[in-house]
Each structure stands twice: as C-alpha cells, then as structure tokens.
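Thanks for coming, everyone. I'd like to walk you through one structure today, so have a look at the screen first.

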Amino acid sequence: MRPDVEAAKADIEQSLALLRRRLDWEPALRKLDELNARVEDPTLWDNPDQAQALSRDRSRLEAQINAVREMETGLEEAVMLSEMADEEGDEATLEDARASLKTIKDRAARAELEALLSGEADGNDAYLEVNSGAGGTESNDWAGMLLRMYSRWAKARGYDVEIQEETDGEQAGVKSATIHISGPNAYGWLKSESGVHRLVRISPFDSAAKRHTSFASIGVSPVVDDTIEIDINPSDVRTDTYRASGAGGQHINKTDSAVRLTHVPTNTVVACQAGRSQHQNREQAWKMLRARLYELELQKREAAAQALADARTDIGWGHQIRSYVLQPYQMVKDLRTNVETSDTDGVLNGDLDAFMGAALAARVGDKRGEAAED
C-alpha cells in the first residue's frame with residue numbers, strides 16, 4: 001500500500017472510531033430499532049406533536065448511523081481499488097482511489113463536528129437576525145451583505161430560507177432583517193455566529209474613496225417546537241401593528257398587516273411581515289418570541305452567556321467576534337478562534353464552514369484525545 005494511502009486510511013479509521021464512541025454505537029443501534037418499532041405503531045399519531053418529535057429523532061439517529069456505515073464501506077472499496085491499481089501500475093485509477101479517500105476523509109471530519117451538536121436545541125431550525133450598527137448607509141449595506149452571506153451559506157447546505165421581517169436601509173442594504181433557516185442542525189451550526197461583525201473597506205458610497213469601518217450584529221435563536229414549553233404571560237407582551245413594506249402587491253401596502261411584539265420584562269422585540277394577513281404574522285411573531293426567550297434561557301445555562309449578551313448591547317468597537325478586512329489587504333479573521341483566510345470573496349458568498357467548525361469545536365471542546373484514551 002502506498003504511504004499516502006496508508007496514512008489517509010489511518011486518519012479515516014481514527015475518525016470513524018471516534019464517531020462510533022460518540023454515538024455509543026451498540027446502544028444507538030438498539031435505540032434505532034426501538035424508534036423504528038414505535039414509528040410503525042399506528043396509535044403514535046394520536047399525538048401529532050409527539051409523533052413528529054419522535055420521527056425527527058429517528059431520522060437524525062438513522063442518518064448518523066448510515067453515514068458511518070457508508071464511510072466504512074467507501075473506505076474498504078477505496079483501499080481495495082488503490083491496492084489493485086498499485087499492483088497493475090494503473091496511475092489513473094490510483095488517483096481516483098486517492099480522490100475517494102480524500103472525499104471520505106473530509107466527510108468524516110465534518111461528521112466529527114456534527115457529532116458535537118448535542119445541545120438541547122442544536123437539531124432545531126433557526127431564526128437569524130441581523131441589525132446594522134451606527135453609521136447609516138455604510139452599516140446598512142454591511143448588514144445587507146451579511147444577510148446575503150448567511151442566506152447563501154444556508155442554501156448551499158440545502159437549507160430553506162424564508163424572510164420573516166426586513167426593514168430596508170434608506171439608500172442601500174437593510175437596517176434589520178430576520179430570516180427563518182430550516183434544515184438539520186441549523187441552530188447548532190449557526191449559534192456561534194451571534195455577535196458583532198466588523199467590516200473594513202473602501203466605501204463605494206464615498207466619492208473620496210476613503211477607508212471605512214462598519215459594524216453589524218447577528219443574533220441566532222432556535223425555532224422552538226411544540227414539545228418545549230415556554231410560558232409567556234400575555235400581559236407582559238405589547239403588540240403593535242404597522243403597514244408592511246417591500247414586495248407584496250396592493251394588499252400589503254393598504255393594511256396594517258405587520259406585527260411587532262415586545263416582551264417588556266426582557267425588552268425582547270420580534271417582528272413579522274412575511275404573511276399576507278395580520279393573523280398569520282401574529283402567529284409567526286409569537287413563535288419567534290418563544291424562540292428568542294428560549295434562547296435567553298439557554299444562554300443562562302452557559303458560562304459564555306454574559307459575554308454574548310455584552311456583545312449584543314453595543315454594535316461597535318471592542319465587541320466584535322469577526323473582522324472582514326477588504327482594504328488595504330484581504331483577510332477574514334475570527335477573533336475567538338484565530339481562524340483566518342484571505343479568501344474574502346468566498347466567505348462573503350457563504351463559505352463559512354471553517355469558522356463555524358472551529359467555533360463549535362472550541363465551544364464544546366475537542367474530545368478526540370479523550371475518546372482515544374477510552
């Protein structure tokens with residue numbers, strides 16, 4: 001076996017062994033059998049909410065188990081192919097085998113990170129909110145760029161993106177916007193993106209072509225399903241209605257269909273204007289409010305909650321989690337993990353996995369060495 005093939009095989013086998021330990025393999029297989037049996041019980045759907053939660057758990061566990069099995073099979077086939085190609089001196093086939101091993105290695109590395117998504121709400125959908133900082137048009141444009149960046153990241157992963165609320169900037173970009181991102185582990189991947197993001201560039205709005213610094217904040221909350229109880233006293237919530245803006249035809253411009261809810265005790269504000277009626281927007285806004293309050297409760301359980309709250313209170317200097325420098329050089333750097341890249345175009349077009357993966361590993365802790373000792 002060629003040394004590079006042998007090294008790749010060893011790395012993949014180590015990752016797969018770690019994944020099996022994290023999944024607690026034998027109990028996971030038994031649990032999947034139990035979930036499969038329960039899903040086949042026709043009385044399960046007498047309680048739709050419970051049935052949906054169980055089906056979601058089953059699908060997630062089945063996907064994790066199948067992924068490990070597929071990678072193990074792929075590894076065996078790629079190694080066998082490389083050995084045959086090596087014996088026959090077939091360099092083209094050997095390169096194909098190497099490419100297959102690299103694909104499996106990348107997939108295993110990603111699966112390792114996904115195995116860390118074991119938080120209470122990590123598997124849920126997410127609401128992502130962007131707000132521009134002080135600075136008018138510059139910050140509004142930057143907030144719009146961030147909104148596009150996260151939308152492209154989500155769509156590249158096969159997630160669905162739905163705008164819940166969007167307030168346009170006066171000349172460019174957005175003052176604020178909230179999107180609903182639907183897909184497996186959406187909240188788990190995005191939760192580390194909350195905080196202030198800083199942009200340095202030559203302003204396209206400055207005729208003197210001077211360098212400007214802009215700030216915008218990102219907030220992420222899990223979408224709360226009906227199996228999670230969030231008690232909200234209606235008397236603590238102020239409801240405001242207003243005329244929705246943006247596309248939507250004549251109806252959207254003639255009625256106060258948009259809804260804004262303010263949870264007075266926590267000063268939590270959510271708004272929705274995506275629906276065609278005030279009733280639809282009110283229902284969605286309540287879901288968003290439950291999600292935000294649930295996120296606040298999750299933050300209280302984490303040691304980093306206060307730092308995160310501080311980051312959201314002031315959208316400016318000293319609170320940023322990531323810097324995006326376009327001038328005088330090209331660099332995106334995460335200030336928490338020190339991960340950086342000069343591929344600024346790639347990042348702004350949604351290539352965020354390296355930053356999210358590093359933040360996730362740092363937040364949860366890398367268990368590779370611990371698992372290897374078990």
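**Strands S9, S10 and S11**

Let's start with one pair of residues: Ser-323 has Lys-333, in S10, as its bridge partner. Before I go on, a word on what you're looking at: it's a predicted model, where local features need pLDDT of at least 70 and side-chain atom pairs count only at pLDDT 80 or more, while totals for chains, interfaces and linings use all residues. Residues are numbered from 1 along each chain as its sequence is written, and side-chain values use heavy atoms, with hydrogens and water left out.

Back to the strands. S9 covers residues 320-325, and it pairs with S10 in the antiparallel sense over 4 bridges; to count as a pair, two strands need at least two bridges found by DSSP. Helices (H or I, at least four residues) and strands (E, at least two) are DSSP runs, numbered from the N terminus. Between S9 and S10 there's a hairpin connection of 5 residues. Pro-328 sits in that loop, and the peptide bond joining Gln-327 to Pro-328 is cis, with omega about 5°.

On the other side of the pairing list, S10 also goes antiparallel with S11, residues 340-341, over 2 bridges. Here Lys-333 stands opposite Glu-340. The turn of this hairpin holds Asn-338, with a positive phi of about 65°.

Now, which side chains of S10 are buried? Val-332 and Asp-334, which point to one face; Met-331 and Lys-333 point to the other and aren't buried. Buried here is under 20% relative accessible area, exposed is over 50%, and partly exposed is in between, using a 1.4 Å probe and protein chains only. Asn-338 counts as exposed, at 51% relative accessibility.

Ser-323 comes up again with Arg-198, a residue of strand S4 (195-202). Their side chains make a polar contact at 3.1 Å. That term means a pair of N or O atoms within 3.5 Å; within protein, one must be able to donate a hydrogen and the other to accept it, and residues adjacent in sequence count only if both atoms are side-chain atoms.

Last stop, helix H1. Which of its residues are buried? They are Val-5, Ala-8, Ile-12, Ser-15, Leu-16, Leu-18, Leu-19 and Leu-23. Looking down the axis of H1, those buried residues fall within an arc of 160° (taken from the directions from the helix axis to the C-beta atoms), so they line one face of the helix. Just after H1 comes Asp-24, with a positive phi of about 55°.
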